[in-house]
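Trainee: I would like to learn how to read the features of a structural model. Please take them one at a time.

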Amino acid sequence: MKNINFKEIYDAYQLVDGAKIKGKKYDEIFELGAYDANKRGYTLYPFEEGRRFEDFCVIVSEKELKNNYLIEKLNVNTVVAEQQPIALSA
């Protein structure tokens with residue numbers, strides 16, 4: 001996971017579920033989970049060797065993410081997944 005390029009977090013629109021997050025001062029990598037409106041923060045799961053560990057998580061506010069963490073740099077022009085048409089039954 002050392003080959004991931006990280007950049008500053010400027011906007012909440014960058015904070016998508018599954019994004020890789022790294023602390024500015026530490027080499028630990030986390031995977032961003034969903035926003036929890038009740039706790040007013042994002043869930044961070046430890047991420048190591050391509051695996052997300054869900055037995056432990058941390059709730060981090062948007063402000064703290066912007067000030068103390070970096071997010072992976074993604075190329076938005078690449079196709080993430082092809083969408084398949086879904087047949088609806090009546």
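The dialogue below goes through the fold, the core, the aromatic rings, the charges and the backbone.

Mentor: This is a predicted model, in which local features need pLDDT of at least 70, side-chain atom pairs count only at pLDDT 80 or more, and totals for chains, interfaces and linings use all residues. Residues are numbered from 1 along each chain as its sequence is written, and side-chain values use heavy atoms, with hydrogens and water left out.

Trainee: How many helices and strands does the chain have?

Mentor: Helices (H or I, at least four residues) and strands (E, at least two) are DSSP runs, numbered from the N terminus. Here there are one helix and seven strands, in the order β-β-β-β-β-β-α-β along the sequence.

Trainee: What share of the chain is buried?

Mentor: Buried means under 20% relative accessible area, exposed over 50%, and partly exposed in between (1.4 Å probe, protein chains only). Of the 90 residues, 30% count as buried. As for contacts (heavy atoms within 4.5 Å), 43% of those between residues at least 6 apart in sequence join residues at least 24 apart.

Trainee: Which residues make up the largest nonpolar core?

Mentor: A nonpolar core is a set of buried Ala, Val, Leu, Ile, Met, Phe, Trp, Tyr and Cys residues joined through side-chain atoms within 4.5 Å. The largest one has twelve residues: Ile9, Leu15, Ala19, Ile21, Phe30, Leu32, Tyr42, Leu44, Val60, Leu65, Tyr69 and Ile71. Two or more of its residues come from each of strand 3 (29-36), strand 4 (41-48) and strand 7.

Trainee: How is a pair of aromatic rings described?

Mentor: By the distance of the centres and the angle of the planes. Rings of Phe, Tyr and Trp (its six-membered ring) pair if their centres lie within 6.5 Å; planes under 30 degrees apart count as stacked, over 60 as edge-to-face and the rest as tilted. The count by this rule is two aromatic pairs. For Phe30 and Tyr69 the centres are 6.5 Å apart and the planes are at 75 degrees, so this pair is edge-to-face. It links distant parts of the chain, with Phe30 in strand 3 and Tyr69 in strand 7, 39 residues apart. Both Phe30 and Tyr69 are buried. Beyond its neighbours within four places in sequence, Phe30 has contacts that include Ala19, Ile21, Leu44 and Tyr69.

Trainee: How many salt bridges are there?

Mentor: Side chains of opposite charge can pair when their charged atoms come close. A salt bridge is a side-chain nitrogen of Lys or Arg within 4 Å of a carboxyl oxygen of Asp or Glu. The count is six. In one of them, Lys24 and Glu8 have their closest N and O atoms 3.1 Å apart. That pair joins the loop between strand 2 (20-23) and strand 3, where Lys24 lies, to strand 1 (residues 6-8), which holds Glu8, 16 residues apart.

Trainee: Is Glu31 buried or exposed?

Mentor: Glu31 counts as buried because its relative accessibility is 10%. Its side chain meets that of Arg52 in a salt bridge (3.0 Å, N to O). This pair also links distant parts of the chain, Arg52 being in strand 5 and Glu31 in strand 3, 21 residues apart. Arg52, at 28% relative accessibility, is partly exposed.

Another salt bridge joins Glu62 and Lys66, with 3.3 Å between the closest N and O atoms. These two are four residues apart in helix 1 (residues 62-68), so about one helical turn separates them. Through shared partners, salt bridges join Lys20, Glu31, Arg52 and Glu54 into one network.

Trainee: Which side chain of opposite charge is nearest to Glu72?

Mentor: For this purpose Lys and Arg count as positive and Asp and Glu as negative; His and the chain ends are not counted. The nearest is Lys20, 4.4 Å away, and Glu72 is buried yet has no salt bridge. Glu72 sits in strand 7 (residues 69-72). A polar atom of the Glu72 side chain lies 3.0 Å from the backbone nitrogen of Lys20.

Trainee: What sign of phi do most residues have?

Mentor: Most residues other than glycine have a negative phi. Arg40 is not a glycine, yet it has a positive phi of about 55 degrees. Arg40 is in the loop between strand 3 and strand 4, and counts as exposed at 68% relative accessibility. Glu49, also not a glycine, has a positive phi of about 50 degrees. Glu49 lies in the loop between strand 4 and strand 5 (51-52), and is exposed at 71% relative accessibility.

Conventions: A polar contact is a pair of N or O atoms within 3.5 Å; within protein, one must be able to donate a hydrogen and the other to accept it, and residues adjacent in sequence count only if both atoms are side-chain atoms.
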